[in-house]
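Visitor: Hi, got a minute to walk me through this one? I'd like to look at it together and ask as we go.

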Amino acid sequence: MERSFLFLLISRIVRSIALVYVTLSVPLYLSYLGLSVVNIGLIVFGVILFYSLLSIGLGLFGDRYGYKKSLIIGDLLPLIGVSLLSLTSSPQVIIPILIITGVGGGASGGLRGMWSPGISALVASNWREERERVKKMGLLSSGASSASIIGSLLLSLQPLLHLPTIESYRMLYAVSAVFLFISLVSIVMVEEVKRPKKTSKVMKKSSLLYILRVIASNSITGAGIGLAIPLLPLWFKLYYHVNEEEIGLAFTFSYIMTSLGSFLASRIKGDTLFLASFTRVFNGLFLIVMAFSPWFILSAVLYALRGFNAGIGAPNRTAVNVRGISEEDYGAATSLQGVSTRLSQLTSGASGYLMDVWLPLPEILGGGLQLIGGLVYYKLLGKATKEVNR
């Protein structure tokens, strides 16, 4: 199993390099191609919607045929999408490519490349003790967020290529496609522990009742993420009038801190639910303070501190999210969790409009929703955990 974990780690590392660059660059690339901030927000809306529907399908598929197969499909689509991005610069072609392959949308945090349909279910299935799950997810998160540094540096180093802007984007999309291919090959090498045979059509009632609590809080938090994060590279550019190099460095600093937080998460001993909940609260607070920062450097530091905090919280939330779920329902349950978050991130469609009204508005509203979501998570999951332990 440790050999399988190594291949899983390699997959998350190279996947992060690719998808972080793509996620950071796509809003800037679309803006360069002449699309308005409102239209870019609507495109991200379409990407998130399609990928959300795909995720639930892959979760149900994984419960019956294996989470490894879900991960393979989840890596194949971005590989196709990014490969095609390297071949064309026509907005009429790029927009449907982005939507039907699920690339270029969602949060641009340090854990962007970590998550794909089946990853939480596979870890929960292969490693059954909760602290071991937190440790494994912490190592995966640390590896993914460390690799994200390379993805953001690609954006910063782009001007050094001395190529026309469009050609530099397309060349780096080709490089990203190579990394995604390596990720796909690595997933093929992962072994999966046999699980209990699926006995329910979709999910046991006990699993569903538990997961509904997770979904309730995730939906609030996801709405905040959708408003604040997907267009954040473009927000930095418009708010502080900075270039791609400076934006890339800001995200690089954040990813370093996320990596450190993820590394510490596997070593911190404490109340898993408390860490999972209140790191989410502070994620929101950092965004609100960022919105009022008059200086780009201060805003970048605050975002980096948010990354450190998020790195600690993510592995703990993954462990809490499967506490009350039957083993045979891991795929459907974790996919529903992911889908609830992603569907609520469809607020990204409104992010462009809010930026048109007042630039700080998406970060203020998004941060506020994340803060509330963290408090709701603690209350609902605390009660559910007591019921599971009876």
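Guide: Sure, one term before we start: buried means under 20% relative accessible area, exposed over 50%, and partly exposed in between, with a 1.4 Å probe and protein chains only. This is a predicted model, so local features need pLDDT of at least 70, side-chain atom pairs count only at pLDDT 80 or more, and totals for chains, interfaces and linings use all residues. Residues are numbered from 1 along each chain as its sequence is written, and side-chain values use heavy atoms, with hydrogens and water left out.

Visitor: Fine. Is Lys194 buried or exposed?

Guide: Lys194 counts as exposed, because its relative accessibility is 76%.

Visitor: And where is Lys194?

Guide: Lys194 lies in the loop between α7 and α8 (205–228). Helices here are DSSP runs (H or I, at least four residues), as strands are (E, at least two), numbered from the N terminus.

Visitor: How far is Lys194 from Asp63?

Guide: In space they are 11 Å apart, C-alpha to C-alpha, with their positions 131 residues apart in sequence.

Visitor: You mentioned α7. How many residues does α7 have, and what span does it reach?

Guide: Helix α7 covers residues 165–188, which is 24 residues, and from first C-alpha to last it reaches 35 Å, close to the 34 Å expected at 1.5 Å a residue. That expected span is 1.5 Å times one less than the number of residues.

Visitor: Which residues of α7 are buried?

Guide: Quite a list; among them are Tyr169, Arg170, Leu172, Tyr173, Leu180, Leu184 and Ile187.

Visitor: What about Phe181 in α7, which class does that get?

Guide: Phe181 sits in helix α7 and is partly exposed, because its relative accessible area is 48%. Phe181 also belongs to a nonpolar surface patch with Leu6, Ile10, Val178, Ile182, Val185, Val188 and Met189, about 650 Å² of accessible area together.

Visitor: What's the rule for a patch?

Guide: Patches take residues with over 30% relative accessible area and no salt bridge; like charges are joined within 9 Å, and nonpolar side chains (Val, Leu, Ile, Met, Phe, Trp, Tyr) within 5 Å. The areas come from the Shrake-Rupley method with a 1.4 Å probe, and for residues only the protein chains shown count as cover.

Visitor: Which helix gives the most to that patch?

Guide: That's α7, with five residues. Both α1 (2–32) and α7 supply at least two each.

Visitor: Switching to charges: how many salt bridges are there?

Guide: Five, where a salt bridge is a side-chain nitrogen of Lys or Arg within 4 Å of a carboxyl oxygen of Asp or Glu.

Visitor: Which residue pairs with Asp75?

Guide: Arg12, with the closest N and O atoms 3.8 Å apart. This pair links distant parts of the chain, as Asp75 is in helix α3 (residues 67–85) and Arg12 in helix α1, 63 residues apart. Asp75 and Arg12 are both buried.

Visitor: And what does Glu167 pair with?

Guide: Glu167 forms a salt bridge with Arg170, closest N and O atoms 3.8 Å apart. The two are three residues apart in helix α7, so about one helical turn separates them. Glu167 is partly exposed, because its relative accessibility is 37%. Back at Asp75, salt bridges with shared partners join Arg12, Arg15 and Asp75 into one network.

Visitor: Any backbone oddities? What's the phi of His162?

Guide: Near 55 degrees, a positive value in a residue other than glycine. His162 is in the loop between α6 (130–157) and α7, and counts as exposed because its relative accessibility is 69%.

Visitor: What phi does His241 have?

Guide: His241 also isn't a glycine, and its phi is positive, about 55 degrees. His241 falls in the loop between α9 and α10 (244–265), and at 68% relative accessibility it counts as exposed.

Visitor: Last one, in α10: what does the side chain of Thr252 reach?

Guide: The Thr252 side chain reaches the backbone oxygen of Gly248 at 2.8 Å. That's a polar contact: a pair of N or O atoms within 3.5 Å where, within protein, one must be able to donate a hydrogen and the other to accept it, and residues adjacent in sequence count only if both atoms are side-chain atoms. Thr252 is in helix α10 and is buried, with a relative accessible area of 7%. Leaving out residues up to four places away in sequence, Thr252 touches Ile149, Ser152 and Leu153, contact meaning heavy atoms within 4.5 Å.
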